[in-house]
Amino acid sequence: MALAGFAEEDVAVSVKESNLTITGELDAATGDFSGDVDIDGTANLDTVDIDGATQIDATVTVGVDDTGYDVKFFGATTGKSLLWDESADSLIVTGNSTVSGTLGVTGVLTATSLDISGDVDVDGTLETDALTIAGVTLA
């Protein structure tokens, strides 16, 4: 099958049972697929806009060591999000959040305030500038 402007040996096209087979490279300005797309190999996509649910069955890597990117997750409530900010090398949680289970921190935990509604077990020295017990401030 020859196409206008192409020599027979430059283009190989066959259609069998509603399948189009192209030997070589398909170069198209746009594509509209109304069914599944199965790609064996690497899909190099410059920009991706996915409007439906996506399942990823393997490890997801964003960037490479020493070259990271921002990654943001939004919650179902306005103003709730989690952001890995690559320029600050920081994980930023916007809005209140809850940790279920045990939160382990290696290093120093710095907080502007701390409200504990259960027991406190300190293995080591407790240093404080001001301490109030049962409404009595200790000096």
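**Entry 1: a facing pair.** I looked up phenylalanine 73 and found it opposite leucine 82, a residue of strand E4. I note here that the model is predicted. Phenylalanine 73 falls in E3, which I have down as residues 71–74. E3 and E4 pair in the antiparallel sense, and I recorded 4 bridges for them.

**Entry 2: the link between the two strands.** E3 and E4 make a hairpin, and 6 residues lie between the strands. I checked the backbone in this hairpin and noted that glycine 79 has a positive phi near 85 degrees. For my own reading of strands I wrote down that side chains in a regular strand alternate between the two faces of the sheet.

**Entry 3: serine 81.** Next I went to the start of E4, a strand that covers residues 81–85 and includes serine 81. Is serine 81 buried or exposed? Serine 81 counts as buried because its relative accessible area is 12%, and the cut-off for buried is under 20%. Which residues does serine 81 touch, apart from its neighbours within four places in sequence? I listed Lys72, Phe73 and Phe74 among them. Ile92, Val93 and Thr94 are also in contact with serine 81.

**Entry 4: the whole protein.** I then stepped back to the full set of elements. The protein has 7 strands and 0 helices, and from the N terminus the order reads β-β-β-β-β-β-β. How much of the protein counts as buried? I found 3% of the 139 residues in that class, and serine 81 is buried. I also looked at contacts between residues at least 6 apart in sequence, and 0% of these join residues at least 24 apart. The exposed area of the protein is about 13,700 Å², with 50% of it supplied by carbon and sulfur atoms.

**Entry 5: the largest pocket.** Rolling a probe the size of a water molecule over the atoms shows where empty space is left. I put the space in the largest pocket at about 610 Å³. Its lining includes Ser97, Val99, Leu103, Val105 and Leu109, and I also found Asp115 and Ile116 there. By class, the lining of the largest pocket has 7 nonpolar, 4 polar and 1 charged residues.

**Entry 6: the second largest pocket.** About 400 Å³ of space lies in this one. Among the residues that line the second largest pocket I noted Leu26, Asp27, Phe33, Asp36, Val37 and Asp38. I counted the classes in the lining of the second largest pocket as 5 nonpolar, 3 polar and 3 charged.

How values were computed. Residues numbered from 1 in each chain as written. Predicted model: local features only at pLDDT ≥ 70, side-chain atom pairs only at ≥ 80, totals over all residues. Heavy atoms only, no water. Buried < 20%, exposed > 50% of the residue type's maximum accessible area, 1.4 Å probe, protein only. Contact = heavy atoms within 4.5 Å. Areas by Shrake-Rupley, 256 points an atom, 1.4 Å probe, with all protein chains shown as cover. 1 Å grid on protein atoms, 1.4 Å probe; cavity = no way out; pocket = protein on both sides within 12 Å on 5 of 7 lines; lining within 4 Å. Points joined across faces, edges and corners; volume = space filled by probe spheres on them. Nonpolar A, V, L, I, M, F, W, Y, C, P; charged D, E, K, R; others polar. Pairing = 2+ DSSP bridges.
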